[in-house]
Amino acid sequence: MIRRTPPLEVMIVGAGITGLALGLVLHQKGVRVKVIDRQPLPEFVAPPEFDQRIYAMSLASEGFLRRAGGWQDMDRTRIQPILGMNVQGDRDGRLSLAPDGGQTSPMGWIVEAGTMLSALHRHQKRVAPELLETGVTVSAVHEKEGGLEVHLSHGQCWQTRLVVAADGLHSTLRERFGIPAYFSPYGHRAVVANYRIGGHHGGVARQWFVPGEVIALLPLPGQRVSLVWSAQSDHAQALLAMSPEQRAHALQQQVGYELGLLEEISVPADFELRRMNVARWIASRFALVGDAAHGVHPMAGQGLNLGLQDAACLADTLLERGPGPDCGDRSLLRRYERARREPVAVMQGLTGGLAHLFSASRSQWGWARNWGMNRLERCSWLKHELVRYANR
Ligand SMILES: Cc1cc2nc3c(=O)[nH]c(=O)nc-3n(C[C@H](O)[C@H](O)[C@H](O)COP(=O)(O)OP(=O)(O)OC[C@H]3O[C@@H](n4cnc5c(N)ncnc54)[C@H](O)[C@@H]3O)c2cc1C
């Protein structure tokens with residue numbers, strides 16, 4: 001039997017960080033909004049040696065998460081300020097970036113995925129217990145005059161002006177609304193794990209371009225770092241098959257002893273890396289946000305940051321619409337799509353281009369990429385612009 005419910009302005013499908021934060025921001029401004037997820041949000045038990053799934057978050061993302069309310073709820077002892085970035089090429093290329101306001105104002109933050117999602121969830125349960133429903137999916141969507149009728153798997157039916165897909169890279173809702181997605185594998189997998197270090201990281205995020213691969217060691221609180229090794233797929237399998245000591249040794253051979261001896265302190269995990277583009281960001285009374293709208297290489301740590309910027313842009317577009325148009329109005333959605341397409345394409349181009357450049361083995365490319373890095377290192381205004389761009 002179909003159970004009808006009071007009409008919504010926005011229904012968000014997917015309660016990852018992007019979908020839940022968007023729901024909270026809209027709810028606080030009085031928008032009638034509901035967020036659903038196919039699975040219950042897991043209770044996060046903070047591991048003593050930190051979650052191996054971590055994010056480098058920009059200051060702009062921090063701002064949006066503060067608006068949503070989750071940021072203030074996070075355990076401060078599990079957040080690491082980023083106080084600088086060092087990038088090393090595969091020859092003599094070097095690039096270092098520092099915060100705009102000196103060492104006291106971080107360039108961004110390293111945060112565990114579980115810490116952030118559970119802080120948002122705790123906040124939601126406190127301020128908007130009715131906002132989120134888990135364990136349900138969309139079973140059908142029909143156009144009705146002035147809106148959509150969304151049927152859920154447990155038999156409820158909601159009228160809404162707008163449906164937002166925040167259901168991740170393999171969004172089924174995107175497919176349901178007829179938006180094609182184009183996947184292109186980078187031929188890389190990301191191997192992630194945490195390490196205890198013998199020395200001190202000084203809050204600096206370090207990245208090495210080694211032939212055909214990219215290794216990042218991101219600072220965690222205390223004498224710990226988090227590894228993201230974007231390795232060619234067969235090499236990633238070989239790394240995963242090693243013992244923790246062998247893996248630490250293989251890593252140490254690539255990055256040297258700048259951080260002292262490395263000891264693995266978490267179970268490693270791996271992720272397939274793919275670029276994903278969509279033909280359109282919107283359809284009739286429908287919009288994509290987060291990984292449902294784009295897949296980028298993690299070398300710049302921008303996937304979730306882009307998703308939160310999508311959410312901020314969509315929230316502002318809806319909240320500033322004034323009297324007249326409803327939340328699913330075509331011209332509003334077009335404005336949102338126009339605003340987000342370009343910055344996402346730039347980031348995909350930049351990370352994809354770098355991945356390609358550093359996987360090219362021809363010697364003239366090897367010379368060119370390291371030369372380019374050293375030129376950039378000497379150009380302080382351009383470095384300043386890079387830091388500013390990453391934090392927009
Ligand atoms: C190795 C690696 C390192 C990364 N590092 C960084 C980094 O440092 N900084 C950064 O910004 N980004 C980083 N990223 C990218 C980041 O992980 C993603 O961009 C981000 O998790 C996407 O969030 P999302 O909320 O859009 O989607 P997801 O986190 O995928 O959430 C989707 C939600 O939708 C739900 N769902 C799915 N299907 C349905 C359905 N049919 N019905 C209902 N619910 C559904 C899921 O249960 C889930 O809760 C990294 C990625 C990788 C692989």
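Me: What makes a residue count as near the ligand in this predicted model?
Reply: A residue is near a molecule if one of its heavy atoms lies within 4 Å of it. There are 30 residues around the ligand, and D37, R53, A56, D291 and L304 come nearest.

Me: What kinds of residue make up the shell around the ligand?
Reply: The shell divides into 13 nonpolar, twelve polar and five charged residues. Helix 1 (17-28), strand 4 (54-58), strand 13 (181-197) and helix 7 (303-319) each supply at least two of its residues. Domain 1 (3-43 + 123-183 + 275-354) and domain 2 (71-114 + 186-273 + 362-390) each give at least three.

Me: Why is the pair between A56 and the ligand called a polar contact?
Reply: The cut-off for two N or O atoms is 3.5 Å. A polar backbone atom of A56 sits 2.7 Å from a ligand oxygen, so the pair qualifies.

Me: What makes Y55 and T172 qualify too?
Reply: Again the limit is 3.5 Å. An N or O atom in the Y55 side chain is 3.1 Å from an oxygen atom of the ligand. For T172, a polar side-chain atom lies 3.2 Å from a ligand nitrogen. Both values fall within the limit, so both are polar contacts.

Me: How much of the ligand does the protein bury?
Reply: Taken alone, the ligand exposes 1,000 Å², and the protein buries 85% of that.

Me: Why is R247 called buried?
Reply: Buried means under 20% relative accessible area. R247 has 4%, so it counts as buried.

Me: Where is R247, and which residues does it touch?
Reply: R247 is in helix 6 (residues 244-255). Leaving out residues up to four places away in sequence, R247 touches Y195, L239, L240, M242, E264 and P268.

Terms used. Residues numbered from 1 in each chain as written. Predicted model: local features only at pLDDT ≥ 70, side-chain atom pairs only at ≥ 80, totals over all residues. Heavy atoms only, no water. Polar contact = N/O pair within 3.5 Å; in protein donor to acceptor, adjacent residues only side chain to side chain. Areas by Shrake-Rupley, 256 points an atom, 1.4 Å probe, with all protein chains shown as cover. Helix = DSSP H or I, 4+ residues; strand = E, 2+ residues; numbered from the N terminus. Nonpolar A, V, L, I, M, F, W, Y, C, P; charged D, E, K, R; others polar. Domains from an automatic or database assignment. Buried < 20%, exposed > 50% of the residue type's maximum accessible area, 1.4 Å probe, protein only. Contact = heavy atoms within 4.5 Å.
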